[in-house]
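Let's take a walk through a protein model and stop at a few spots worth a look. Keep the structure open while you read.

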Amino acid sequence: MSVRLRGMQAGGRTGPWWGLLRTPMGAAAGAGVLVLVGLAVIGPAVWGGAAEAVDVDALRDGPSAEHLVGTDGLGRDVLARVLVATRTSLGLALLATAIGVLSGVVLGALPAVLGRRAGRLVVAAVNLAVAFPALLLAIFLAVVFGVGSQGAVLAIGFALAPPFARLTQTLAASVAGQDYVAAARALGVGRARLLVRHVLPNIAEPLVVNAALGAGNALLAFAGLSFLGLGVQRPAYDWGSLLGEGLNRIYINPAAALAPGAAVVLAGLAFTLLGEAAAAAVGLRATATRAPVPPAAPPPAVAPPGPDGDVLRVRELRVAFPRDGSWTVPVAGVSLDVRDGEAVGIVGESGSGKSLTALAVAGLLPQGAVRTAAALSVAGQEICDVPDRSLRRALGTDLAMVFQDPLTSLNPALRIGRQLAEVAEEHLGSSRADAHERAVDRLRDVAIPDPHRRARRYPHEFSGGMRQRVMIGMALMAGPRVIIADEPTTALDVTVQRQVLRLLQQAREDHGTALLLISHDLAVVASVCDRVLVMYGGRVVEELPVSTLLAGPAHPYSRALLASVPRMDADRTLPLATIPGRPPDPSTRPPGCPFQPRCAHATDRCAEAVPPLEPYAAGHRVACLHPQVGPVGPTTAPALEATS
């Protein structure tokens with residue numbers, strides 16, 4: 001489902017909800033619902049007397065000038081009783097709809113809050129309930145809850161709940177995969193708050209549209225139960241009970257049965273058309289909730305660094321996915337250290353395991369993935385096998401993440417200031433006003449112009465570069481020790497790239513924050529980082545200082561990557577340098593060195609065992625049996641430096 005915000009301007013009438021009234025179907029449905037509400041409000045006061053007046057001289061009369069659709073067995077005007085019954089029929093149907101929507105949303109949202117096993121039980125129960133026809137389920141529940149209007153309301157409400165639960169589960173699953181939900185998880189937001197603040201607001205419009213459709217179904221269902229004698233009981237009456245009374249004399253006075261039947265059909269049609277018009281007008285877009293704009297909490301205490309000054313320490317990190325009865329291991333034993341205030345880059349082709357390594361460190365792997373590590377610590381705190389609550393504290397304060405696409409990383413239903421302030425409220429215990437003021441300060445730090453006004457805007461009102469600045473500001477909200485930036489400049493032009501890289505560099509200088517930068521762009525890494533890790537086939541094949549990368553790496557794969565960088569002074573008569581072949585499939589990785597099928601220097605020894613990452617020079621380690629020496633090309637390093 002594509003999620004898009006409504007375009008309603010302050011005080012304007014251009015949003016989709018207003019737009020639905022401009023369509024013929026929407027206008028007709030809106031007018032019909034307004035008429036129903038008006039009748040429900042004034043009906044008993046205007047026609048209540050006629051509806052209860054007994055006329056023994058007009059028992060079971062047919063239509064006449066005095067009684068347009070005739071009278072009942074006590075001489076009471078049938079049309080007046082139909083108009084008065086609008087309040088009961090409409091009120092009970094809307095109450096049943098509210099019960100169905102609320103219970104359905106709760107059931108649909110429970111799997112996201114409960115553990116995996118309990119969540120599966122809830123999903124199985126919902127699937128079983130959806131298999132039954134709603135009206136049959138309502139009749140069964142009406143018998144269980146007892147005859148009467150109260151039992152009928154509960155029966156219809158709970159009969160409507162399973163379809164809403166299924167819809168909520170489907171919509172929530174589509175939203176849960178968005179980057180802004182992953183960003184909230186990286187900031188340590190708990191499951192319940194994640195659901196309420198980031199998932200449900202973005203699926204509200206489809207639920208509202210289906211609630212309008214459900215109201216029409218509830219009207220019909222309630223009339224059916226009353227018609228069968230399971231709903232409203234005498235002396236009270238609604239359209240269904242009036243229809244049942246008129247049906248006994250349908251051959252004598254068909255109008256007495258047609259009037260309540262027409263009321264049921266027209267009311268159900270009005271709500272159904274309203275739901276259809278709403279669906280057409282809003283296109284099932286998620287609603288933009290309006291959060292009040294509040295305004296510095298003191299900066300958080302800096303946690304002590306890990307052993308030897310490492311704020312991020314990873315040892316033998318592996319990520320595995322189940323596949324066809326076996327396991328696929330796209331990250332196969334990554335080890336790395338990031339020291340306090342240091343910038344470390346990870347480079348490699350797509351599929352080398354760079355982003356998956358970052359997600360594993362941040363605890364954001366997709367469902368089904370299994371992470372193992374000999375050690376995984378942030379600022380000295382082990383986070384590999386710790387309870388979720390402790391992990392949230394570490395991820396929300398010591399570690400932050402900046403994702404590749406800022407548009408999907410920000411919640412479209414929340415204002416920018418609210419999203420940033422949530423971090424301070426959740427992890428620093430700041431008041432709403434102080435958290436907002438801190439958010440404004442962070443927007444100012446990342447060079448957002450007029451931050452007080454911009455904090456009141458939604459993500460779609462920002463350019464791509466400004467959204468990425470906002471993501472960096474959000475990452476800095478709780479004063480993290482290390483920021484993981486996963487290709488933060490990929491979707492940006494060169495000018496904006498430079499601004500974003502300068503902000504990351506400034507964050508290191510101003511806050512002493514370490515940086516783990518993931519990129520496929522060697523020029524970006526060369527301009528920002530102190531050290532570089534080259535990944536291939538789910539492993540680190542070379543670790544070296546940036547200066548050595550520019551001068552000439554030792555691993556054949558690193559050298560091939562460097563040679564593939566286009567150069568302004570390259571001979572245009574020659575084809576661009578490429579790396580032959582394709583990266584290995586993690587499920588069919590060859591034995592030995594993962595690069596040996598594509599390596600021009602490979603020998604038989606390379607296919608025997610995976611070479612370990614061993615020291616090659618000062619601060620330089622290589623996993624290769626045949627490391628190379630010397631520069632890759634005479635103009636490669638100047639080209640990288642000029643780009644930076």
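Here is a short tour of some local features, from the surface to the aromatic rings.

## Before we start

Keep in mind that this is a predicted model.

## A nonpolar patch on the surface

Start on the outside. Four residues, Val-37, Val-41, Ile-42 and Val-46, make up a nonpolar patch on the surface. Taken together, they offer about 330 Å² of accessible area. To find the spot, look for helix H2, which covers residues 24-52 and contains Val-46.

## A cis peptide bond

Next, head for Arg-234 and Pro-235. The peptide bond joining these two is cis, with omega at about 10 degrees. Where does Pro-235 sit? You'll find Pro-235 in the loop between helix H9 (204-227) and helix H10 (239-247).

## Two glutamates with positive phi

Now for a pair of backbone angles. Glu-316 has a phi near 50 degrees, which is a positive value in a residue that isn't glycine. Glu-316 belongs to strand E1, residues 310-323. Glu-487 also isn't glycine, and its phi is positive too, near 45 degrees. Glu-487 is in the loop between strand E8 (482-486) and helix H19 (494-511).

Are these glutamates buried or exposed? Glu-316 has a relative accessible area of 38%, so it counts as partly exposed. Glu-487 comes in at 11% relative accessibility, so it counts as buried; the cut-off for buried is under 20%.

## Aromatic rings that meet

A pair of aromatic rings is described by the distance of the centres and the angle of the planes. How many aromatic pairs are there in this model? The count comes to four. One pair is Tyr-536 with Tyr-557: the centres are 4.5 Å apart, the planes are 55 degrees apart, and the pair is described as tilted.

Tyr-536 lies in strand E10 (residues 531-536) and Tyr-557 lies in helix H22 (residues 556-563), so this pair ties together parts that are 21 residues apart in sequence. Both tyrosines, Tyr-536 and Tyr-557, are buried. Phe-595 joins Tyr-536 and Tyr-557 in one aromatic cluster.

## Arginines over rings

Last stop: arginine meeting aromatic rings. The charged end of Arg-81 sits over the ring of Tyr-237, at 4.0 Å from the ring's centre. And which ring does Arg-454 lie over? Arg-454 is placed over the face of Phe-462, 5.4 Å from the ring centre.

Note on methods. Residues are numbered from 1 along each chain as its sequence is written. This is a predicted model: local features need pLDDT of at least 70, side-chain atom pairs count only at pLDDT 80 or more; totals for chains, interfaces and linings use all residues. Side-chain values use heavy atoms; hydrogens and water are left out. Patches are made of residues with over 30% relative accessible area and no salt bridge: like charges are joined within 9 Å, nonpolar side chains (Val, Leu, Ile, Met, Phe, Trp, Tyr) within 5 Å. Accessible areas come from the Shrake-Rupley method with a 1.4 Å probe; for residues, only the protein chains shown count as cover. A salt bridge is a side-chain nitrogen of Lys or Arg within 4 Å of a carboxyl oxygen of Asp or Glu. Helices (H or I, at least four residues) and strands (E, at least two) are DSSP runs, numbered from the N terminus. Buried means under 20% relative accessible area, exposed over 50%, partly exposed in between (1.4 Å probe, protein chains only). Rings of Phe, Tyr and Trp (its six-membered ring) pair if their centres lie within 6.5 Å; planes under 30 degrees apart count as stacked, over 60 as edge-to-face and the rest as tilted. A charge sits over a ring if NZ of Lys or CZ of Arg is within 6 Å of the ring centre and within 35 degrees of the ring normal.
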